[in-house]
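Here's a quick briefing to read with the model open in your viewer. It goes through the strands, the cores and the charged pairs in turn.

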Amino acid sequence: MRRSPASLIAPFALIATGALAAPLQAADLTVSLHDARTQDGRFQVALVDAGGYAGSAAPVAARELAPAGAVTRVTFDGVPAGRYALMVIHDENGNGTLDTNLVGMPVEGYGFSNNPRVTRKPTFEEAAFDVGADALALDVSIR
């Protein structure tokens, strides 16, 4: 029995399609926020890639929550593998923005992943971390 070329290719096409449809690695990310000056207001937590950090793309994920004592925890479920940074604003007066003084310095709490100690906004690489297949826990100090 002679088979057509199409019948010989079909099984390989199914295998290739299945390989491309395989899910990417994803992990849960738990963030602990420490050192808030007050329990007033709300935390705004953004998980961003390099584009989101630069402001040219939306956050990969975002959460808003009230402070919950000495440590406030927030979880991002199923974060795809990749390189990310966290940006946190403690909107202490609830007006929806990070308030600054006349020279542009924040007067409300803020923080970044890796807790870089710089007097400017850290670069993406200073705040970046990698997500793989394993769950990840990060601590962010609110300044």
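A salt bridge here is a side-chain nitrogen of Lys or Arg within 4 Å of a carboxyl oxygen of Asp or Glu. Glu125 and Arg83 fit that bill, with their side chains meeting at 2.9 Å, N to O. Keep in mind that this is a predicted model. Overall, the structure holds 5 salt bridges.

**The open sheet**
- Three strands make up an open sheet, in the order β4-β1-β8, and the pairing is mixed.
- The edges are β4 (71-80) and β8 (136-141), each of which pairs on one side only.
- From one strand to the next, the twist averages 20°.
- β1 (residues 26-34) runs antiparallel to β4, and the two pair over 8 bridges.
- If you want a spot to look at, Ala26 has Pro80 in β4 as its bridge partner.

**Nonpolar cores**
- The largest nonpolar core counts 20 residues, and Val45, Leu47, Phe76 and Leu86 have the most contacts inside it.
- Plenty of strands chip in: β1, β2 (42-48), β3 (61-65), β4, β5 (82-91), β7 (129-131) and β8 each supply at least two residues of this core.
- The top contributor is β1, with 4 residues.
- Leaving aside residues up to four places away in sequence, Leu86 touches Val31, Val45, Ala46, Leu47, Phe76, Gly111, Phe112, Ser113, Phe129, Leu138 and Val140.
- Another core, of 9 residues, lies apart from the largest one; Val48, Tyr53, Ala127 and Ala128 are among its members.

**Asp28, a residue to click on**
- Asp28 sits in strand β1, and it counts as partly exposed because its relative accessibility is 37%.
- Its side chain reaches the backbone nitrogen of Gly78 at 2.9 Å.
- Beyond residues up to four places away in sequence, Asp28 touches Phe76, Asp77, Gly78, Ala135 and Leu136.
- Asp28 and Ala133 are 105 residues apart along the chain, yet their C-alpha atoms are separated by 8.7 Å.

**Salt bridges across the chain**
- As background, side chains of opposite charge can pair when their charged atoms come close.
- Glu92 and Arg37 join in a salt bridge through their side chains, at 2.7 Å from N to O.
- Glu92 is in the loop between β5 and β6 (109-112) while Arg37 is in the loop between β1 and β2, so this pair ties together parts 55 residues apart in sequence.
- The two partners differ in burial: Glu92 has a relative accessible area of 19% and is therefore buried, whereas Arg37 is exposed at 51% relative accessibility.
- Arg42 and Glu64 form another salt bridge, at 3.3 Å from N to O.
- That one links distant parts of the chain, 22 residues apart, with Arg42 in strand β2 and Glu64 in strand β3.
- Arg42 is partly exposed, at a relative accessible area of 33%, and Glu64 is partly exposed too, at 49% relative accessibility.

**Back to Arg83 and Glu125**
- Which elements does the pair of Glu125 and Arg83 link? Glu125 is in helix α3 (residues 124-127) and Arg83 is in strand β5, 42 residues apart.
- With a relative accessible area of 33%, Arg83 is partly exposed.
- Arg83, Glu125 and Asp130 belong to one network, joined by salt bridges that share partners.

How values were computed:
Residues are numbered from 1 along each chain as its sequence is written. This is a predicted model: local features need pLDDT of at least 70, side-chain atom pairs count only at pLDDT 80 or more; totals for chains, interfaces and linings use all residues. Side-chain values use heavy atoms; hydrogens and water are left out. Two strands pair if DSSP finds at least two bridges between them. Axes are lines fitted to C-alpha atoms, for helices over the stretch in contact, and angles run from 0 to 180 degrees between N-to-C directions. A nonpolar core is a set of buried Ala, Val, Leu, Ile, Met, Phe, Trp, Tyr and Cys residues joined through side-chain atoms within 4.5 Å. Buried means under 20% relative accessible area, exposed over 50%, partly exposed in between (1.4 Å probe, protein chains only). Contact means heavy atoms within 4.5 Å. A polar contact is a pair of N or O atoms within 3.5 Å; within protein, one must be able to donate a hydrogen and the other to accept it, and residues adjacent in sequence count only if both atoms are side-chain atoms.
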